[in-house]
Amino acid sequence: MREPPAHLLDTGPLRVEMRTVWKKPDAEVEADARALWRRLSVLPEGVDADLRIDEMVCAAYVEGALAAVATAFVREIEFLRHRFAMLRGLVAPEYRRHNVGRRILAHSFIVLDQWSREHPEEAVMGVAGVLQSPILAEKATMASSPIGGFTLAGYTNRGEQIRVAWFDHARI
């Protein structure tokens, strides 16, 4: 992964502990994620929390409290003709503006890149995401982000940015 500049990942006085849970069940992280999703009412209607639990990549903790969680699922992006890990991130409101989201994004990329290398049969060539937060979308004016090299690849039918970051081992 193209390492972002250290100042972009600086969480200031917060001591952030990253826990990797991709394909590794962790009852404590699962319970904390369920509680965070419930508290913030963020799971769309009809979304099965158990399925989302199975998609967790990593969790960020600050002083024992879950500050952020990242989930992903693998799918083909047809117009790119390759499979990507579709990444979602959620940062608890009290931890926003401390770069926790950037940290969990960078960590998730590394986890998914390593998993992709270890599982070439999955043919996952990178990480992608749809920028749904209006606040983040307003700030995302650079074609390529300094965090992980996420590059604008297109737009959804609703006008949301689709961003992708190819793994170094990806071949087209």
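This passage describes the nonpolar cores, helix 4 and the surroundings of Ile162 in a predicted model.

The largest nonpolar core comprises 40 residues, and those with the most contacts inside it are Met56, Val57, Tyr95, Val100, Leu112 and Val127. Two or more residues of this core come from each of strand 1 (16-20), helix 2 (27-40), strand 2 (56-62), strand 3 (65-77), strand 4 (82-91), helix 4 and strand 5 (124-131), with strand 2 giving the most, namely seven residues. Another core, of five residues, lies apart from this one and includes Ile77, Phe84, Met86 and Val164.

Helix 4, which spans residues 100-118 and has 19 residues, reaches 27 Å from its first C-alpha to its last, close to the 27 Å expected at 1.5 Å a residue. Buried positions in this helix are Val100, Ile104, Ala106, Ser108, Phe109, Val111, Leu112, Asp113, Trp115 and Ser116. When neighbours within four places in sequence are left aside, Leu112 is in contact with Trp22, Val57, Ala72, Ala85, Leu87, Val127 and Phe167; of these partners, Val57 and Val127 are themselves listed, together with Leu112, among the residues with the most contacts inside the largest core.

Ile162 is placed in strand 7 (residues 161-166), and counts as buried because its relative accessibility is 11%, which falls under the 20% cut-off. Although Ile162 and Leu131 are 31 residues apart in sequence, their C-alpha atoms are 6.4 Å apart in space. Beyond its neighbours within four places in sequence, Ile162 is in contact with Phe79, Gly129, Val130, Thr151, Leu152, Ala153, Gly154, Tyr155 and Thr156.

Conventions. Residues numbered from 1 in each chain as written. Predicted model: local features only at pLDDT ≥ 70, side-chain atom pairs only at ≥ 80, totals over all residues. Heavy atoms only, no water. Helix = DSSP H or I, 4+ residues; strand = E, 2+ residues; numbered from the N terminus. Expected span 1.5 Å × (residues − 1). Buried < 20%, exposed > 50% of the residue type's maximum accessible area, 1.4 Å probe, protein only. Contact = heavy atoms within 4.5 Å. Core = buried A, V, L, I, M, F, W, Y, C linked by side-chain atoms within 4.5 Å.
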